[in-house]
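Below are my notes on the ligand site and the strands beside it, set out as numbered points. Please read them with the model open.

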Amino acid sequence: MIKKIEHIGIAVKSLNNSNELFKKLFGKEHYKVEGVESEGVSTSFFMLGETKIELLEATNPESAIAKFIDKKGEGIHHIAYEVDDIYKEMDRLKSEGFEVLNKEPKKGADNKLIFFLHPKSTNGVLVELCQERTF
Ligand code: CMX
C-alpha cells in the first residue's frame, strides 16, 4: 500500500548554493547531507512536517541528475511515495503494467530501500517507491 509522499526530489546544479536558497525559503537548515555513490549523487534533506525535500547534485557526468539537468535544467526530478511493503508493491505495480526500472529494491539515501518507475509509464513524472530500512 502507498502511504504518503515521503519526499520530493529536486535536481540542482550546486548543493551548497541551493542549501542556502532553501534555508531562506523554509527558514530552517537541512538536517543531513549524504552521498549515494551508486546513483552518482550528493543529496541534502529538509524536513517539512511529514514530507521531505531532497536536493540532488550530480557527482559525475553519467549520473541521472547530470543528464536531467543537461536536458531540462534544474527542477523537480521525482516524487517518492512511502510504501509499507516494498517487495509486494514492486510485484503489484509490475502486474499493473508500470515499467519498473530496477530488478530489486536497492539502497537509497536516508536509510531507504528504493525502486523507480519509468516516467513514460507515469504521465511524465519519475516515481520513486521507498521504505525505511530496518537492517
Ligand atoms: N522526470 C521526467 N522525465 C524524465 C526524467 C525525470 N526525472 N528523466 C528523464 N526523463 C525523460 C527524458 O527527458 C526522456 O524524455 P523524451 O523521450 O521525451 O526525450 C525520457 O524520460 C527517457 O529518457 P531516456 O533518454 O531514455 O533515459 P535517460 O537516460 O534520461 O534516463 C530514467 C531516464 C528515468 C530512465 C533514469 O534517469 C533513471 O533510471 N532514473 C532512476 C534513478 C535516478 O533517477 N537516480 C537519481 C536519484 C537517486 C536518489 O533519489 O537518491
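1. A polar side-chain atom of K120 lies 2.8 Å from an oxygen atom of the ligand, a polar contact in the sense of a pair of N or O atoms within 3.5 Å. The model is a predicted one, in which local features need pLDDT of at least 70 and side-chain atom pairs count only at pLDDT 80 or more, whereas totals for chains, interfaces and linings use all residues. Residues are numbered from 1 along each chain as its sequence is written, and side-chain values use heavy atoms, with hydrogens and water left out.

2. Two further contacts go to nitrogen atoms of the ligand: E39 places a polar side-chain atom 2.7 Å from one nitrogen atom, while H77 has a backbone N or O atom 2.9 Å from a nitrogen atom. Taken alone, the ligand exposes 970 Å², of which the protein buries 70%; these accessible areas come from the Shrake-Rupley method with a 1.4 Å probe.

3. Around the ligand there are 18 residues, the closest being E39, K71, H77, K120 and G124, where a residue is counted if one of its heavy atoms lies within 4 Å of the ligand. The shell divides into 7 nonpolar, 4 polar and 7 charged residues, with Asp, Glu, Lys and Arg counted as charged, Ala, Val, Leu, Ile, Met, Phe, Trp, Tyr, Cys and Pro as nonpolar, and the others, Gly among them, as polar.

4. Which elements give two or more residues to this shell? They are strand 4 (51-58), helix 2 (64-72) and strand 5 (75-83), and helix 2 gives the most, with 5 residues. Helices (H or I, at least four residues) and strands (E, at least two) are DSSP runs, numbered from the N terminus.

5. Strand 5, which contributes to the shell, also pairs with strand 1 (residues 2-11) in the antiparallel sense over 8 bridges, and with strand 8 (residues 127-132) in the parallel sense over 4 bridges; two strands pair if DSSP finds at least two bridges between them. E82 can be followed across both pairings, since K4 stands opposite E82 in strand 5, and E82 in turn stands opposite C130 in strand 8. The bridge partner of I79 in strand 8 is V127.

6. Strand 8 is also joined to strand 7 (residues 112-117), by 6 bridges, and these two strands run antiparallel. Within strand 8, L129 is the residue that F115 stands opposite. When inspecting side chains here, recall that in a regular strand they alternate between the two faces of the sheet.

Notes:
Polar contact = N/O pair within 3.5 Å; in protein donor to acceptor, adjacent residues only side chain to side chain.
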